[in-house]
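Here's a quick tour of some side chains and their surroundings. Have the viewer open as you read.

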Amino acid sequence: MAQPEALAEIWRGPFLESHHLGHAVICDGTGQITEAWGDPQAVVLPRSSSKMIQALPLVASGAADARGLTPQHLALACASHQGAGLHVDHVNRWLGDLGLGDDDLICGPQESRDDGLRVQMIRADQSPCRVHNNCSGKHAGFLTLSQHLGASLEYVDPSHAVQTACLDVFETVTGEASPGFGIDGCSAPNYATTMHGMARAMAWFATAKNRSDSLSTAAARLVEAMHTHPDLVAGEGRACTRLMRAAQEPIALKTGAEGYFVAILPKRGLGVAVKAADGATRAAECAIAAILLRLNVLAADHPDVAAFLSPNVLNWDGLKTGQIKPAPGLLA
């Protein structure tokens, strides 16, 4: 079994103070590995990086079209959003169109990560709602599919028709039988696969536009929605949004908890999966930026790229004390 390799380094002055290890895989449209670091067979939970896979049944089933969902809805179905006003308003309208409300979401309440809205709610003595949860768009998609299937609204049960559909497409696009699942932060099952399987799935999404079957057509629509509406996929200041905007060609990016990150490159037919072994978001962000720079998708001098590729480490007085850098093996 291959060991994790260095993904990111943390420097303090002239000293390498610490580093993050992990795994990264790039796959082409045939599902073959073109480059890899660490162990491509490492079994992982991709967490929110799998949201576009979980959204496939929503579109492929016809539920999205039956409800007149727009690309904005589809971007939110794939999102880990900030819970900003933009996101909350969209999801609330979506729920209203379904004849449902905040209590029908099973993702749990979460404080808004948008500073302005959070402060406004605190001043107004308003409690966080489920719609503020970063997964509320995904869950609105689950509810839409549940209604379309005539199923109960207890949609996070692993035996529910929504989740069995998610597992079916997950195994289809990863090309692997999942060894099991963990329960995600939003209460939905999150299925495990290998690093190779997840990169293979992202390459499958990247080449979806070249195929005409219903699942591939659904995938192409989701990818288009994500790179057209990066503000809905994450939010202002977030790596997914800023790097998609900075890219020199249309791409779709998605972060996941515990140091996961994926990229879909339709122009090149490539998929990328990254996992920081210690779960560090800063390492996954640095590594995905480095790999996209390696592939000439990003430019190192773009400020939104530099913010994640080589961010400064500042102390409490604002003094630069060090820097986060990609491991040399990612850039060579």
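## Burial, and one salt bridge across the chain

Buried here means a relative accessible area under 20%, exposed means over 50%, and partly exposed covers what's in between. Keep in mind that this is a predicted model.

With that cut-off, aspartate 184 is buried because its relative accessible area is 10%. Its salt-bridge partner is arginine 47, and the closest N and O atoms of the two sit 2.7 Å apart. Arginine 47 belongs to the loop between strand S4 (43–44) and helix H1 (51–54), while aspartate 184 belongs to the loop between strand S5 (181–183) and strand S6 (189–191), so the pair ties together parts that are 137 residues apart in sequence. Arginine 47 itself comes out as partly exposed, because its relative accessibility is 21%.

## Other salt bridges

How many salt bridges does the count come to? The total is nine. One of them joins the side chains of arginine 12 and glutamate 17, at 2.9 Å from N to O. Neither partner is hidden away: arginine 12 is partly exposed at 41% relative accessibility, and glutamate 17 is partly exposed too, at 48%.

Then there's aspartate 115 with arginine 118, a salt bridge whose closest N and O atoms are 2.7 Å apart. Both residues lie in helix H6 (residues 115–123), three residues apart, which is about one turn of the helix. Arginine 118 has a relative accessible area of 23%, so it's classed as partly exposed.

## Threonine 174

Is threonine 174 buried or exposed? It counts as buried, because its relative accessibility is 0%. You'll find threonine 174 in helix H8 (residues 161–174). Its side chain reaches back to the backbone oxygen of phenylalanine 170, at 2.8 Å.

Setting aside residues up to four places away in sequence, threonine 174 touches Thr193, Gly197, Arg200 and Ala201.

## Isoleucine 53

Isoleucine 53 sits in helix H1. It's buried, because its relative accessible area is just 1%.

Which residues does isoleucine 53 contact, leaving aside neighbours within four places in sequence? The list is Val169, Phe170, Val173, Met198, Ala201, Met202 and Phe205. Ala201 links this picture to the previous one, since threonine 174 touches Ala201 as well. For a sense of span, the C-alpha atoms of isoleucine 53 and serine 18 are separated by 34 Å, with the two residues 35 apart along the chain.

Key:
Residues are numbered from 1 along each chain as its sequence is written. This is a predicted model: local features need pLDDT of at least 70, side-chain atom pairs count only at pLDDT 80 or more; totals for chains, interfaces and linings use all residues. Side-chain values use heavy atoms; hydrogens and water are left out. Helices (H or I, at least four residues) and strands (E, at least two) are DSSP runs, numbered from the N terminus. Buried means under 20% relative accessible area, exposed over 50%, partly exposed in between (1.4 Å probe, protein chains only). A polar contact is a pair of N or O atoms within 3.5 Å; within protein, one must be able to donate a hydrogen and the other to accept it, and residues adjacent in sequence count only if both atoms are side-chain atoms. Contact means heavy atoms within 4.5 Å. A salt bridge is a side-chain nitrogen of Lys or Arg within 4 Å of a carboxyl oxygen of Asp or Glu.
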